[in-house]
Amino acid sequence: MLTTHPFDDDHLHEECGVFGIYGHPDAASHTALGLHALQHRGQEAAGIVAFDGEHFHSHRGLGHVADNFGTEAVIKTLHGHMAVGHVRYSTTGETMLRNVQPLFADFEFGGLAIGHNGNLTNALTIRKQLVRRGCLFQSTTDTEVIVHLIAISLYSTVEERMIDALRQVEGAYSLVALTQNAVIGVRDPLGIRPLVLGQLPSGAWIIASETCALDIVGANFVRDVEPGELIILDHNGLRSIKPFVKSRSRFCIFEYIYFARPDSVMEGTSVYEVRKQIGRELAKESGVDADVVIPVPDSGVPAALGYAAAANIPFELGIIRNHYVGRTFIEPTVTIRHLGVKLKHNANRVNIAGKRVILVDDSIVRGTTSTKIVEMVRQAGATEVHMRISSPPTTHSCFYGIDTPERDKLLAYNHDVAQMAKLIGVDSLAFISLDGLYRAVGETERNARHPKFCDACFTGDYPIALADQDGGQGQESLTLMTEGF
Ligand code: AMP
C-alpha cells in the first residue's frame, strides 16, 4: 500500500508486510508474532483485525509490532479463529492512524478487512473517478481504492467482487483479506511482491509475505502463492482460483538484494544464498587486491562473505552496527540522514587501521550511507578503500512498493561510476553487472526480451504501465470499470 508524500503529492511510497491465519483459536497472537518477523518490511505502523464468528475486533497503532501487540491485554481483545495483520514502512508520509492497515469496511455482504503490500500504479487515476462518482475516501492509501471498487461492484459474492475490483487496478499487490467466512490471499498477475502459504501442524493455514513469518510460529512452508492466484481459506480448507489473464511472472529482484530477510526463501531460492552468490560474482567481475573484506552491516554481510570466499581475502567485521536505531533511509532530511548513519555505525579500528579495505554494501541510492561509511573507514586508518555493490546502479525509482526517492535524487541517475566513486571518496567502485546478478539467481544472463524478474530500478524496464505517473486521465480504467455491467 502507499500514501501520498507530504513534499510531493504525486510521489507515492510504501513498503509493507502482510500476514493472515485461518483456523486457530489464538489467531491474533500468531498474527502478532508473524508481523514481528516481518518488522523489517515496515516499521511505521502495525495493525491486526480478527473475527470470532460474530464480531470483528481490530487494533491498529503507530510504531513497532511489539509496541502495539506486545501485551496480552491487547491480544486478548482480538479474539477469533481467523485474523489478518499488516506492518507498514515508515516514510515521512502521512503518519496517521487512518492510513494504518488492515483497512476495514462494512459492505452489503458484511465486514471485510484488507492488508496490502505493493503499490497500485493507477490508484490516483481510479480514485479521481471514484471521488467524482461520490465515493468518500477515508484515507490517502491506494489500498482504499480496492475497498471502494469492491463496494460498488455489482457482483454478489465477496470473491467475485474482489476479483472484479482487482481486475481494474494495475500495479503490484500481495493482499490478505478477512471476511466473515474466510481469509483470502491474492498475488498480482506478475507476482511482483512475495506471498507464501504455510500450515501449522494443527492444520491452521497461514498466508504471509515471507517464510520467516512461518518459521516464527512453527508453521511449515507449503508453497509460494502463485502470481495471479487467489487463495481462499475457510471451513472447507483451501481453494485456489486464477481469475486473471495469465502473464509471465516478474518477481522483484530487489527483494533478493536487500528487502527480504536473509533467512527467507523466495520462489524456491534462499535469499541468503542469492546474496552470497552475488558476492562471489562481484569478486569475479571486479576483483581488486586488498587485505580485508568488510561488509556494511547488516545488508552487505552475505554478499561480503561470498566476495571474501571467492577472492580468498579475509572477511572481518570492520563496521559495527547499533541495532537500536531504525533504517537510516527513513530519515526525512539530509542532516538527519547523515546523523542517522553515525548513530547506526561505528568503525572497528582493529580490522581497518593500516589495511587496504574492500567495503561491500547492497546498494547505493542517494549515496549518503556510502559517503559517511567511507569517511569513517578512512578516519579509522584504512590505506585504501574499495567499494563493491551487490546490485547494479539504481537509476530508476520503484513504483511497485519499494521506497525509492525521485529519480533526480538517485546518485546513479546523475552520475557514471567514475563520478560516483569520486563523490563517495573511494579508490575504486564497482557494481554487480545485470547479467552477474541474473547469474546469482540461477539464470545464465538477463533475457532482454523476457526478463525473469522486475529489475526496473536498474533498467527502467517497467513491466506494468505507470498510469498515474504518465498523467493518465483514467479513460482506460473508466472503460474497464463499466465493462460488463
Ligand atoms: P543511500 O544512503 O541513500 O545511498 O542508501 C543506501 C543504503 O540504504 C544502503 O546501505 C541500503 O542498505 C539501504 N537501502 C537501499 N534501498 C532501501 C530502501 N528501499 N529502503 C530502506 N533502505 C534502503
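This report walks through two sheets, two helices and some salt bridges in a predicted model.

## Ground rules

Since the model is predicted, local features are given where pLDDT is at least 70 and side-chain atom pairs where it is 80 or more, while totals for chains, interfaces and linings use all residues. Residues count from 1 along each chain as its sequence is written, and side-chain values use heavy atoms, with hydrogens and water left out.

Helices (H or I, at least four residues) and strands (E, at least two) are DSSP runs, numbered from the N terminus. Two strands pair if DSSP finds at least two bridges between them.

## The antiparallel sheet

Let's start with the open sheet of 7 strands, ordered S5-S4-S6-S3-S12-S11-S13 and paired antiparallel. Strand S5 (56-62) and strand S13 (220-224) sit at the edges with a single partner strand each, so one side of each has no neighbour in the sheet. From one strand to the next, the twist averages 15°. For angles, axes are lines fitted to C-alpha atoms (for helices, over the stretch in contact), and values run from 0 to 180 degrees between N-to-C directions.

Inside this sheet, strand S3 (residues 16-22) and strand S6 (residues 82-88) pair in the antiparallel sense over 7 bridges. One pair to look up is Tyr22 with its bridge partner Met82 in S6. Helix H1 (residues 27-37) packs on the sheet and touches S3, strand S4 (45-51) and S6, where contact means heavy atoms within 4.5 Å. The direction of H1 makes about 25° with that of S6.

## The parallel sheet and H10

There's also an open sheet of 4 strands, with parallel pairing and the order S19-S22-S23-S24. Its edge strands, strand S19 (292-295) and strand S24 (428-431), each pair on one side only. Neighbouring strands here are turned by 20° against each other on average, direction ignored. Strand S22 (residues 356-361) and strand S23 (residues 384-389) pair in the parallel sense over 6 bridges, and Val357 stands opposite Val385 in S23.

Helix H10 (residues 301-311) lies across S19, S22 and S23, running at about 165° to S19. Its buried residues are Pro302, Ala303, Ala304, Gly306, Tyr307 and Ala308; buried means under 20% relative accessible area, exposed over 50% and partly exposed in between (1.4 Å probe, protein chains only). These buried residues of H10 pack against helix H9 (271-286), S19, S22 and S23. After H10 comes Asn312, with a positive phi near 55°.

## An enclosed helix

Helix H6 (residues 158-166) has 7 of its 9 residues buried, so the rest of the structure largely encloses it. Among the buried ones are Arg161 and Asp164. The buried residues of H6 pack against several elements, including strand S8 (110-117), helix H5 (143-152) and strand S9 (174-178).

## Salt bridges

A search of the whole structure turns up 22 salt bridges, each a side-chain nitrogen of Lys or Arg within 4 Å of a carboxyl oxygen of Asp or Glu. In one of them, Glu375 meets Lys372 at 3.5 Å, N to O. Both lie in helix H12 (residues 368-379), 3 residues apart, about one turn of the helix. Glu375 is partly exposed at 37% relative accessible area, whereas Lys372 is buried at 13%.

Asp455 bridges to Arg446, with the closest N and O atoms 2.5 Å apart. Asp455 is buried at 0% relative accessibility, and Arg446 is buried at 15%. Finally, Arg41, Arg193, Glu210 and Glu255 are linked in a network of salt bridges.
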